[in-house]
Amino acid sequence: EELTFSGIQPTGTIHLGNYLGAIRNWVAMQDEGNCIFCVVDLHAITIPQVPEELRSHIREIAAALIACGLDPDKVILFRQSQVSAHAELWWILNSIASMGWLNRMTQFKQKAGKDQAEASVGLFAYPVLQAADVLTYKTTHVPVGEDQRQHIELARDIAMRFNTIYATEFFPLPEAVIPKDAARVMSLVSGQTKMSKSDQDDNSRINLLDDPSLISEKIARACDGLGEISGSQEDLATSPKAENLVRIYAALAQEDVGKVVEEFGGSATERFQRALADRLVAELSPISQEFQRLLSDKAHLDRILAAGADKARSIADPILDDVYDIIGMSRRS
Ligand code: AQP
């Protein structure tokens, strides 16, 4: 049976990369089958967090997901730390995954920086927790941005090795579902690193909650100095900043990049700049308003997450019991 699972870290506010790369896809998938979406707070602490800020970010991310259109009556929406099966399966899978596999993970290298010895063990083992998140539900489909492709491959490798060691077909091999148009939204400032919550420069990203004037300002700044939008796709590729903006426009308008280039290529950026800012404001303003409304009732949000956790546990716990049986530690009796 098909099951979709994905997660997002409560490490800050949601940005356009999260939205176009993942969340918009989640919303589209919620009517098509069983979907589980998780605020992965255990992942967040692999990088130091301030407890009070983490507490607010967890609620904010949940509110933002609902504001983007996820319906807690249609999907299971919960937070990772409320379902202990994730951490338990993580430990079991840590004994399946090899150091060599984890050493190849590019996200660890990026996040750990130069001084890898100072990075937490959690940051290193992060992809195994992600594999546990997915496998705890026998997930078949994982809608994520391009940056997560390697981690989903690892989850497949872990599932396969588990199945081989224990001579079983217990875990299905999860597949990454990566959008065509906006799989990798880049920084507005450089065009060359991915748009990220943890980028120090707020001008590098559009946050879902930026107000219309801030959005216009950031887009104006990003277009500044570009001259004109090139009239051919090949030329466009020589300017990563411009290409990123055109791709963002195409994803918002749900049009081909070629069509956007045809529409705006060869003329001064001003018209493109205004059109892009208008598209962003039209898409994000309703989300921002709904977010504010949801956040005014924190108890309600907490109830939604708690109810989601109950449903998630009812799926995950029996699967974990089966895993314990398979590896020789039956805990049912
Ligand atoms: N720039 C991006 N373009 C497309 N998709 C993206 N995603 C993240 N950035 C982009 C996708 O969003 C989902 C949730 O991501 P996450 O918050 O769990 O982890 P992340 O990839 O680490 O996101 P950030 O914003 O870069 O956070 P920090 O700075 O805290 O690490 C994932 O599906 C991801 O692919």
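How much of the chain over residues 10-18 is helix, and how much is strand? In this predicted model, that stretch is 33% helix and 0% strand. The C-alpha atoms at its two ends lie 12 Å apart. An unreviewed UniProt entry annotates residues 10-18 as a short sequence motif, the 'HIGH' region.

The ligand was examined next. Its shell consists of 19 residues. Gly17, Gly21, Gly145, Ser196 and Ser198 are the closest of these. Helix α1, residues 16-29, supplies the largest share of the shell, with four residues. By class, the shell around the ligand holds nine polar residues, six nonpolar residues and four charged residues.

Helix packing was then described pair by pair. Two packed helices are characterised by the angle between their axes and by the distance between those axes. Helix α3 spans residues 51-67, and helix α13 spans residues 269-295. Their axes come within 8 Å and cross at roughly 130°. An angle of 65 to 115 degrees would count as roughly perpendicular, and one over 145 as roughly antiparallel. The two helices, α3 and α13, are therefore oblique to each other. The crossing of α3 past α13 is right-handed. On the α3 side, the contact involves Arg59, Glu60, Ala63, Ala64, Ile66 and Ala67. These residues meet Ile287, Glu290, Phe291, Leu294 and Leu295 of α13. The contact of α3 with α13 contains eight nonpolar and three charged residues, and no polar ones.

Helix α3 also packs against helix α14, residues 298-327. Here the axes come within 10 Å and cross at roughly 80°. Helices α3 and α14 are therefore roughly perpendicular to each other. Arg59, Ala62 and Ala63 form the α3 side of the contact. Lys298, Leu301, Ile304 and Leu305 form the α14 side. By class, the contact of α3 with α14 has five nonpolar residues, two charged residues and no polar residues. Arg59 and Ala63 of α3 thus appear in the contact with α13 and in the contact with α14.

A further pair is formed by helix α11, residues 240-253, and helix α12, residues 257-264. These helices pack at an angle of about 110°, and their axes are 9 Å apart. That angle makes α11 roughly perpendicular to α12. Helix α11 passes α12 in a right-handed crossing. Val246, Arg247, Tyr249 and Ala250 represent α11 in the contact. Their partners in α12 are Val257, Val260 and Val261. The contact of α11 with α12 comprises six nonpolar residues and one charged residue, with no polar residue.

Definitions and conventions. Residues numbered from 1 in each chain as written. Predicted model: local features only at pLDDT ≥ 70, side-chain atom pairs only at ≥ 80, totals over all residues. Axes fitted to C-alpha atoms, helices over the stretch in contact; angles between N-to-C directions. Parallel < 35°, antiparallel > 145°, perpendicular 65-115°, else oblique. Left-handed = near helix turned anticlockwise from the far one by under 90°. Contact = placed C-beta atoms within 7 Å. Nonpolar A, V, L, I, M, F, W, Y, C, P; charged D, E, K, R; others polar. UniProt positions renumbered as here; feature names shortened; annotations may be inferred. Near = placed C-beta within 6 Å.
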